[in-house]
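Open the model in your viewer and keep the sequence panel visible. The stops below say what to select next and what is there.

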Amino acid sequence: MRFSTRFLNLLQSQLSEFAKEPELGRLVVYVASNTDGENPSLEAIGQWPLLEKSLPSVESDVDLRSPLPGRRWYPLQEGQILLGVLRVEAISSTKTFSSSLDSRLQLTASFLAQSLAIELDRKSILEELNQQREQIKMMVHQLRNPLAALRTYAQLLLRKLGPESSHINLIEGLLNEQ
């Protein structure tokens, strides 16, 4: 799934806000994606600290299936719809989070959920606009063919009538309007 550069920059800036937290070792944002006919998966779209390699999906990382005191999952949801998750890991796997840090992380997850929902809406609207553009292109193309045929028939009729016909003005008007 592709996201706008603006959204990815916003996501990265939100994650980078936690760079000065001595308790935190890693933050990862996953988005829920559903490929045709398969079970939904959680694909990583942003992380802090930035790493060269991309992270695997949650389903393919066996280590993520075991609970740790130093790991928390914050849902990114809009209403009842789960859009993704924010995974937070402490420096130490046995470290727990302070309540103030937990509150900040919950607020960040809520903000990211709203931003993700807006981004998904934007993508949906852009797809709809592209479909409409394609339909309009097809309609314009389909209109050109009959108009070209009418022009050809009007030109043939104009030649057939001759210069002394009283209907020349009518045919020339038709050609101009076409």
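Select Ile125, which lies in helix α2, residues 99-161. The model is a predicted one. Ile125 has a relative accessible area of 52%, so it is exposed. Now add Leu126 and Leu129 to the selection: with Ile125 they make up a nonpolar patch on the surface. Together these residues have about 250 Å² of accessible area.

Next, show the whole of α2 and mark its end C-alpha atoms. The helix has 63 residues, and at 1.5 Å a residue it should span 93 Å. The end C-alpha atoms are 92 Å apart, which agrees. Step just past the end of α2 to Gly162, where phi is positive, at about 90 degrees. Most residues other than glycine have a negative phi.

Stay with α2 and select Glu119 and Arg122. These two form a salt bridge, and their closest N and O atoms are 3.0 Å apart. They are three residues apart in α2, so about one helical turn separates them. Is Glu119 buried or exposed? Glu119 counts as buried because its relative accessibility is 5%. Arg122, at 28% relative accessibility, counts as partly exposed.

Keep that pair on screen and add Ser4, which is in the segment before α1. Not counting residues up to four places away in sequence, Ser4 touches Glu119 and Arg122. Ser4 has a relative accessibility of 16% and therefore counts as buried.

From Ser4, move on to helix α1, residues 5-16. The 12 residues of α1 should span 16 Å at 1.5 Å a residue, and the end C-alpha atoms are indeed 16 Å apart. Which residues of α1 are buried? Select Phe7, Leu11, Gln12, Gln14 and Leu15: these are buried. They cover an arc of only 160 degrees around the axis, so they sit on the same side of α1. Turn the helix to its other side to find Thr5 and Arg6, which are exposed. To see what covers the buried residues of α1, show β1 (24-33), β2 (41-48), β4 (81-90) and α2, which are included in that cover.

Go to strand β2 and select Ile45. At 22% relative accessibility, Ile45 counts as partly exposed. Which residues does Ile45 contact, leaving aside its neighbours within four places in sequence? The contacts are Phe3, Phe7, Leu8, Leu11, Val29 and Val31. Phe7 and Leu11 were among the buried residues of α1. For a distance across the model, pick the C-alpha atoms of Ile45 and Leu107: they are separated by 19 Å, and the two residues are 62 apart along the chain.

Now look at Trp48 and Pro49. A cis peptide bond joins them, with omega at about -5 degrees. Most peptide bonds are trans. Pro49 is in the loop between β2 and β3, the latter being residues 71-78.

The next stops are salt bridges; a search of the whole structure finds six. Side chains of opposite charge can pair when their charged atoms come close. Select Glu89 and Arg71, whose closest N and O atoms are 3.1 Å apart in a salt bridge. Glu89 is in strand β4 and Arg71 in strand β3, so the pair links distant parts of the chain, 18 residues apart. Are these two buried or exposed? Both Glu89 and Arg71 are buried. Add Arg87 to the selection, and you have a network of salt bridges that links Arg71, Arg87 and Glu89.

For the last stop, select Arg72 and Asp102. They form a salt bridge whose closest N and O atoms are 2.7 Å apart. Arg72 lies in strand β3 and Asp102 in helix α2, so this pair ties together parts that are 30 residues apart in sequence. Arg72 has a relative accessibility of 26% and counts as partly exposed. Asp102 has a relative accessibility of 16%, so it counts as buried. With Asp102 the tour is back in α2, the helix that also holds Ile125.

Key
Residues are numbered from 1 along each chain as its sequence is written. This is a predicted model: local features need pLDDT of at least 70, side-chain atom pairs count only at pLDDT 80 or more; totals for chains, interfaces and linings use all residues. Side-chain values use heavy atoms; hydrogens and water are left out. Patches are made of residues with over 30% relative accessible area and no salt bridge: like charges are joined within 9 Å, nonpolar side chains (Val, Leu, Ile, Met, Phe, Trp, Tyr) within 5 Å. Accessible areas come from the Shrake-Rupley method with a 1.4 Å probe; for residues, only the protein chains shown count as cover. A salt bridge is a side-chain nitrogen of Lys or Arg within 4 Å of a carboxyl oxygen of Asp or Glu. Helices (H or I, at least four residues) and strands (E, at least two) are DSSP runs, numbered from the N terminus. Buried means under 20% relative accessible area, exposed over 50%, partly exposed in between (1.4 Å probe, protein chains only). The expected span of a helix is 1.5 Å times one less than its number of residues. The arc is that of the directions from the helix axis to the C-beta atoms. Contact means heavy atoms within 4.5 Å.
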